[in-house]
Amino acid sequence: MIKNLDKSFKVQGIIGLIMVAVFATQGQAMGAGYGFFVGIMNVIMLGFTFRKANQRAEDDAKAGILILYMSAVIRFILLAVLFVLGLQVFGFEAMPVVLTFVVMQIGQVFNLKGKQRLTD
């Protein structure tokens, strides 16, 4: 599980850096860099909560599932706050921020390759 997450982290990092380079040619590197930051924060939170859920699931499977559900809620709120900060407070253009984040999340598909369940 952790090995697969490391692969996903690397793939998403490479995709994010490519997106930053693409938007840098258009003078929007800061916005894409912020989208990269938001994407990496999401992956770090996901990895942390998967580790916690796996540890808890050894003793109580329901507690592990609860951690995953709470993680989804917390990550949703965190992403909403980070997007509002980036777009309203820092004033980045929406397109590079959102597009970099979305394309990076597509890299998560590489983590799901060959799995039947999310927790495999």
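## A walk through the helices and their cores

Let us start with one residue: Arg75 is found in helix H3, where helices (H or I, at least four residues) are DSSP runs numbered from the N terminus. The model is a predicted one, in which local features need pLDDT of at least 70, side-chain atom pairs count only at pLDDT 80 or more, and totals for chains, interfaces and linings use all residues. Residues are numbered from 1 along each chain as its sequence is written, and side-chain values use heavy atoms, with hydrogens and water left out.

Is Arg75 buried or exposed? Arg75 counts as buried because its relative accessibility is 17%; buried means under 20% relative accessible area, exposed over 50% and partly exposed in between, with a 1.4 Å probe and protein chains only. Setting aside neighbours within four places in sequence, Arg75 is in contact (heavy atoms within 4.5 Å) with Asn42, Met45 and Leu46.

Now look at how H2 and H3 lie against each other. Their axes come within 8 Å and cross at roughly 165°; axes are lines fitted to C-alpha atoms, for helices over the stretch in contact, and angles run from 0 to 180 degrees between N-to-C directions. H2 and H3 are therefore roughly antiparallel, a label for angles over 145 degrees. By class, the contact of H2 with H3 has 19 nonpolar, five polar and four charged residues. Here Ala, Val, Leu, Ile, Met, Phe, Trp, Tyr, Cys and Pro count as nonpolar, Asp, Glu, Lys and Arg as charged, and the others, Gly among them, as polar.

Moving on to H4, we find H3 and H4 packed at an angle of about 150°, with their axes 10 Å apart. That makes H3 roughly antiparallel to H4. On the H3 side, Leu79, Phe83 and Leu87 meet Ala94, Val97, Val98 and Phe101 of H4. By class, this contact of H3 with H4 has seven nonpolar residues, no polar ones and no charged ones.

These helices also meet in a core. The largest nonpolar core (buried Ala, Val, Leu, Ile, Met, Phe, Trp, Tyr and Cys residues joined through side-chain atoms within 4.5 Å) has eight residues: Tyr34, Val38, Leu79, Leu82, Phe83, Phe92, Val97 and Phe101. Helices H2 (29-59), H3 (61-89) and H4 (94-106) each give two or more residues to this core, and H3 provides the largest share, three residues. Within the core, Val38 is in contact with Leu79, Leu82, Phe83 and Phe101, leaving aside its neighbours within four places in sequence. A second, separate core of five residues includes Ile15, Met19, Phe23 and Ala32.

Conventions:
Parallel < 35°, antiparallel > 145°, perpendicular 65-115°, else oblique.
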